[in-house]
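Student: Take me through one part of this fold up close, please. I'd like to hear about the ring pairs, and then whatever you come across as you move on from there.

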Amino acid sequence: MELRDSIFSVSNTPEFEQIALQVFDFQSQNCAVYKDYISRLNWPTPTCIKEIPFLPIDFFKSRTIIAEGKTPTIVFKSSGTTGQMRSQHFVTDTSIYETSFQKAYTSMIGNPKNQVILALLPNYVEQGESSLVYMVNDLVEATNNSLSGFLLNSPAEIEQRYKQALENGKEVIIFGVSYALLDLAEQNINLSKARIIETGGMKGRRKEMSKQELHEELKRGLNVSYVSSEYGMTELLSQGYSNANGLFKTPFWMKVLIREVNDPFHYIEHGKTGGINVIDLANINSCSFIATQDLGRIIDNGFEIMGRFDNSDIRGCNLLVE
């Protein structure tokens, strides 16, 4: 079995560790940026995932991170605000991305064939080249339902499609960037039977607020019992999702580790807040080991987002440190 084919067959921790070390071996030799980074650190060969060096996420803004000999078929860019440098992810095989988000969504959210999916992602659509729009568009098409689609500032149409979908026996999923969902919540539309998935991001349209404050406002305005979140970003080809308890879960081929804030090469115990490192095996042809600028903590079998180090543009965590 080829390395890329083994990624989605992971089913337990020992398998994950084994494949992660194989991916590290491949990328440390074939991804020039990562190879140079490791060389400058003078890093010894890792024997477990906690010994793997994680590439700072800002490298995606200034370097072309791609395996040697590979050609990108698509380049995803972060949404960014005016004047901000956008991260770029050079994707060599969109089928890997599609397999990743389809499997994760189906296992954690549900089968799109049984759903109507509405998307409120105006800034991502406007700027283009968005991995989020690519993903949601694929899921919308998978519903094979004319009620699904992207909507811009159309509360009446959202309400109409929501009611019609319920009449047709469909589950309603609403993906939305934070500020667009807040705009919708101010219309006091009763969407009590919909599942709301916020993707983070005020994008300069509203004041920043904690995730807890955001979800409380959305619950009141949309009359829902809880709000889910998607944890994803341009630099990753995999996503995590949170449920009613606010804890994020990831698919088997994605793992979160928590590093010390002031010492990026050491990890802290569960329950304590630190910087989030992500292993995303789906990033086989770029870099699977990324040190994000998010702050979080591991609780039980999930993780919680606590904030971020700065104002970096990160989907699923556009929060200020409280």
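Tutor: Y134 counts as partly exposed in this predicted model, because its relative accessibility is 23% and the cut-off for buried is under 20%. F76 does fall under that cut-off: its relative accessible area is 1%, so F76 is buried. Keep those two rings in mind while we look at the aromatic pairs as a group.

The count of aromatic pairs comes to 16. One of them is F24 with F289, an edge-to-face pair whose centres sit 6.3 Å apart, with 65° between the planes. That pair links distant parts of the chain, since F24 belongs to helix α2 and F289 to strand β13, 265 residues apart. F24 has a relative accessible area of 7%, so F24 is buried. F289 is buried too, with a value of 0%. Now back to F76 and Y134: their ring centres are 5.5 Å apart and their planes meet at 70°, so this pair is edge-to-face. Because F76 lies in strand β2 (residues 74–77) and Y134 in helix α7 (residues 131–143), the pair ties together parts that are 58 residues apart in sequence.

F24 and F289 also belong to a bigger story: together with Y34 and F54, they form one aromatic cluster. Follow Y34 and you land in helix α3 (residues 32–41), where the buried residues are V33, Y34, Y37 and I38. They cover an arc of only 130° around the axis, so they end up on the same side of α3. Flip to the other side of α3 and you find S39 and R40, which are exposed. And what sits over the buried residues? Their cover includes α2 (13–30), β1 (55–56), α4 (59–62) and β13 (289–299). Just past the end of α3, N42 takes a positive phi of about 55°.

Strand β13, the one that carries F289, has another residue to point out: D294. D294 counts as buried because its relative accessibility is 0%. The side chain of D294 does have a polar partner, though, with a contact of 2.4 Å to the side chain of Y231. Y267 is another matter: D294 and Y267 are 27 residues apart in sequence, and their C-alpha atoms are 15 Å apart in space.

There's another aspartate worth a look, D280, in strand β12 (residues 274–280). D280 also counts as buried, because its relative accessibility is 0%. Here the side chain reaches a backbone atom, the nitrogen of A282, at 3.1 Å. Leaving out residues up to four places away in sequence, D280 touches L236, L237, S238, W253 and S288.

Last stop, a helix pair. Helix α9 (residues 178–185) packs against helix α10 (residues 211–222) at an angle of about 35°, with 8 Å between the axes. The two helices cross in a left-handed way. On the α9 side the contact is made by S178, L181, L182, L184 and A185, and on the α10 side by L214, E217, L218, G221 and L222.

Definitions and conventions. Residues are numbered from 1 along each chain as its sequence is written. This is a predicted model: local features need pLDDT of at least 70, side-chain atom pairs count only at pLDDT 80 or more; totals for chains, interfaces and linings use all residues. Side-chain values use heavy atoms; hydrogens and water are left out. Helices (H or I, at least four residues) and strands (E, at least two) are DSSP runs, numbered from the N terminus. Buried means under 20% relative accessible area, exposed over 50%, partly exposed in between (1.4 Å probe, protein chains only). A polar contact is a pair of N or O atoms within 3.5 Å; within protein, one must be able to donate a hydrogen and the other to accept it, and residues adjacent in sequence count only if both atoms are side-chain atoms. Contact means heavy atoms within 4.5 Å. The arc is that of the directions from the helix axis to the C-beta atoms. Rings of Phe, Tyr and Trp (its six-membered ring) pair if their centres lie within 6.5 Å; planes under 30 degrees apart count as stacked, over 60 as edge-to-face and the rest as tilted. Axes are lines fitted to C-alpha atoms, for helices over the stretch in contact, and angles run from 0 to 180 degrees between N-to-C directions. A crossing is left-handed if the near helix is turned anticlockwise from the far one by less than a right angle, and right-handed if clockwise.
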